[in-house]
Amino acid sequence: MIKGLDAVLISSENPKVLADFYKDKVGLTFEDEFEYGEKGEAGFMFKIGSTGLTILPHDQVKGKNSNPPRIMLNIEVDDIEKEVKRLKDGGVKEVAEIYHVEGYGYIATFEDPDGNYFQLVQVRA
């Protein structure tokens with residue numbers, strides 16, 4: 001029986017830069033920095049609701065994501081207009097302005113330093 005989604009992993013050539021972005025620019029709740037792998041590199045854990053986000057080094061990941069729409073994080077917010085303004089004011093690259101999805105809510109898409117897309121979502125009450 002599947003119980004839930006424990007974590008999403010993002011591999012990066014520069015995990016510290018990516019972790020700092022999600023902590024400082026996006027405002028995710030930082031949980032822990034830990035030693036990862038045989039080379040003692042750092043990994044970083046965040047908590048988004050009940051799901052973890054882990055950013056790790058990976059020897060096969062180099063440069064920016066060449067296909068960013070393939071997988072996106074949806075980060076739920078309570079006031080999408082306020083949060084979009086905060087990210088834009090902080091220099092975060094906006095990919096798509098706020099748009100409405102009937103029966104779901106509002107979405108805005110942004111890009112992280114590795115070229116991955118993430119979305120802020122304000123779901124319908």
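**Sheet, salt bridges and aromatic contacts in the predicted model**

Strands β2 and β3, the latter comprising residues 41-48, pair in the antiparallel sense, and seven bridges connect them. The model described here is a predicted one. Within the region of these strands, Tyr36 stands opposite Glu41, a residue of β3. In general, the strands of a sheet pair through backbone hydrogen bonds, in either a parallel or an antiparallel arrangement.

The pairing of β2 with β3 belongs to an open sheet of four strands, arranged in the order β1-β4-β3-β2, in which the pairing is mixed. The edges of this sheet are formed by β1 (7-12) and β2 (29-36), each of which pairs on one side only. From one strand to the next, the twist averages 20 degrees. Helix α1, which spans residues 15-26, lies across β1, β2, β3 and β4, and runs at about 20 degrees to β3.

Strand β4 covers residues 51-57 and includes Thr54. The relative accessible area of Thr54 is 10%, and because the limit for a buried residue is under 20%, Thr54 is classed as buried. Leaving aside residues up to four places away in sequence, Thr54 touches Ala7, Val8, Leu9, Ile10, Phe34, Phe44 and Met45. Of these contacts, Ala7, Val8, Leu9 and Ile10 fall within the range of the edge strand β1 (7-12), whereas Phe44 and Met45 fall within that of β3 (residues 41-48). Phe34, a further contact of Thr54, falls within the range of the other edge strand, β2 (29-36).

Charged side chains were examined next. Side chains of opposite charge can pair when their charged atoms come close. In this model, the count comes to seven salt bridges. One of them joins the side chains of Lys16 and Asp20, with a distance of 3.0 Å from N to O. Both residues lie in helix α1, where Lys16 and Asp20 are four residues apart, or about one turn of the helix. Lys16 is partly exposed, its relative accessible area being 45%, and Asp20 also counts as partly exposed, at 25% relative accessibility.

A salt bridge is likewise formed between Glu83 and Arg86, whose closest N and O atoms are 2.8 Å apart. Glu83 and Arg86 both belong to helix α2 (residues 80-89), in which they are three residues apart, about one turn of the helix. The two partners fall into separate classes of accessibility: Glu83 counts as buried, at 14% relative accessibility, while Arg86, at 36%, counts as partly exposed.

Another salt bridge connects Lys88 with Glu94, and here the closest N and O atoms are 3.4 Å apart. With relative accessibilities of 42% for Lys88 and 23% for Glu94, each of these residues counts as partly exposed. In addition, salt bridges that share partners join Lys64, Lys93 and Glu111 into one network.

The aromatic residues were considered in a similar way. A pair of aromatic rings is described by the distance of the centres and the angle of the planes. The structure holds six aromatic pairs. In one of them, the ring centres of Phe21 and Phe118 are 6.0 Å apart and the planes lie at 70 degrees, so the pair is edge-to-face. This pair links distant parts of the chain, since Phe21 is located in helix α1 and Phe118 in strand β8 (residues 117-123), 97 residues apart. Both rings belong to residues that count as buried, Phe21 at 10% relative accessibility and Phe118 at 0%.

Phe118 also takes part in an edge-to-face pair with Tyr22, for which the distance is 5.6 Å centre to centre and the angle between the planes is 65 degrees. This second contact of Phe118 again links distant parts of the chain, with Tyr22 in helix α1 and Phe118 in strand β8, 96 residues apart. Tyr22 counts as buried, at 1% relative accessibility. Phe21, Tyr22 and Phe118 are joined by Phe110 in one aromatic cluster. Helix α1 thus carries Phe21 of this cluster and Tyr22, as well as the salt-bridged residues Lys16 and Asp20, and lies across the four strands β1, β2, β3 and β4.

Conventions: Residues numbered from 1 in each chain as written. Predicted model: local features only at pLDDT ≥ 70, side-chain atom pairs only at ≥ 80, totals over all residues. Heavy atoms only, no water. Helix = DSSP H or I, 4+ residues; strand = E, 2+ residues; numbered from the N terminus. Buried < 20%, exposed > 50% of the residue type's maximum accessible area, 1.4 Å probe, protein only. Contact = heavy atoms within 4.5 Å. Pairing = 2+ DSSP bridges. Axes fitted to C-alpha atoms, helices over the stretch in contact; angles between N-to-C directions. Salt bridge = Lys/Arg side-chain N within 4 Å of Asp/Glu carboxyl O. Phe/Tyr/Trp six-rings, centres within 6.5 Å; stacked < 30°, edge-to-face > 60°.
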